[in-house]
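Visitor: I'd like a close look at one part of this model, the place where the ligand sits. Could you walk me through it?

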Amino acid sequence: MIQIGPSLLSADFSRLADELKDIEKGGADFVHLDLMDGHFVPNLTFGVPVIAALRNWTNLLFDTHLMVEHPENYIESLAAAGVQYVTVHQEVCPHLDRVLHQIKENRMKCGVALNPSTPVETLACVASLVDMVLIMSVNPGFGGQKFIPYSVDKIKVAAELLKTAGNTRAVIEVDGGINAEIVHSVVEAGATWVVAGSAVFGKADRAAAIASLRRQP
Ligand code: DX5
Ligand code: ZN
């Protein structure tokens, strides 16, 4: 069963609470929250105080994607804000094992995101620790970019890696450039959590947009 998570990055930032309620009503399984710091990626979004404020407006699961340097500085406050999933980028975590444990100690699920150019094999040593592997199918930083086709093969490698590690609880999430035409290929490869920004918030009818992503041929 695939889970559809609209990315708030493509929502109307002047009406975030309304936008959240709209996707919740429209059948979203979770909401994907992109934190950016202007360093790891060349863009800025919102921080933990905004997430904490939004927590009051929805029961949707909060899936945070940290595109920031030093993600370890945000873990405690994200837990206090009521976030369920925290995903950090492999590329900014020389002490990845430590950060993953820090997330778990704060009673949240931990994920690792990989840029398109980062091989899945870099996760071999932590494969049994993770609750999520996030395959970035665009270069992180912006919504509305074009899906990178070789991401499909990376999803298959991630599925194998988790299987080899005996990790049956971890999910594979895919993020970037997903639309109703592409979703089939990533799900077939083994992704079960699908993030979509512009494909949901770019449409007037969010329920219809979510339904068309969920529909499998
Ligand atoms: C990009 C973000 C994505 C983005 C996806 O760096 O991580 O979550 O919002 O947007 P779309 O689906 O429009 O590519
Ligand atoms: Zn994201």
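Visitor: To start us off, which oxygen or nitrogen partner does ligand 1 have in H65: how far is a polar side-chain atom of H65 from an oxygen atom of ligand 1?

Guide: Keep in mind that this is a predicted model. The distance you're after is 3.2 Å, running from a polar side-chain atom of H65 to an oxygen atom of ligand 1. Two glycines join in through their backbones. G144 has a polar backbone atom 2.8 Å from an oxygen atom of ligand 1, and for G177 a backbone N or O atom also lies 2.8 Å from an oxygen atom of the ligand. As for cover, ligand 1 taken alone exposes 380 Å², and the protein buries 100% of that.

Now the shell. There are 20 residues around ligand 1, and S7, G141, D175, G197 and S198 come nearest. By class, that shell splits into eight nonpolar, ten polar and two charged residues. If you'd rather think in elements, β2 (30-36), β3 (61-67) and β8 (193-196) are the ones that give two or more residues to the shell. β2 gives the most, with three residues.

Step back to the space itself: what ligand 1 takes up is the largest pocket. About 300 Å³ of space lies in that pocket. Its lining is made of 28 residues, and the closest to the pocket centre are F142, G143, G144, G176 and G177. You've met two of those already, since G144 and G177 each put a backbone atom 2.8 Å from a ligand oxygen. Among the elements, β2, β3, β8 and α7 (198-201) each supply at least two residues of the lining. Sorted by class, the lining has 13 nonpolar, twelve polar and three charged residues.

Terms used: Residues are numbered from 1 along each chain as its sequence is written. Chains are lettered from A and ligands numbered from 1 in the order in which they are written. This is a predicted model: local features need pLDDT of at least 70, side-chain atom pairs count only at pLDDT 80 or more; totals for chains, interfaces and linings use all residues. Side-chain values use heavy atoms; hydrogens and water are left out. A residue is near a molecule or strand if one of its heavy atoms lies within 4 Å of it. A polar contact is a pair of N or O atoms within 3.5 Å; within protein, one must be able to donate a hydrogen and the other to accept it, and residues adjacent in sequence count only if both atoms are side-chain atoms. Accessible areas come from the Shrake-Rupley method with a 1.4 Å probe; for residues, only the protein chains shown count as cover. On a 1 Å grid over the protein atoms alone, a cavity is a set of points where a 1.4 Å probe fits but cannot get out, and a pocket is an open set with protein on both sides within 12 Å along at least five of seven lines; lining residues have an atom within 4 Å of a point. A molecule sits in a cavity or pocket if more than half of its atoms lie within 2 Å of its grid points. Helices (H or I, at least four residues) and strands (E, at least two) are DSSP runs, numbered from the N terminus. Ala, Val, Leu, Ile, Met, Phe, Trp, Tyr, Cys and Pro count as nonpolar, Asp, Glu, Lys and Arg as charged, and the others, Gly among them, as polar. Grid points are joined across faces, edges and corners, and a volume is the space filled by probe spheres set on the points.
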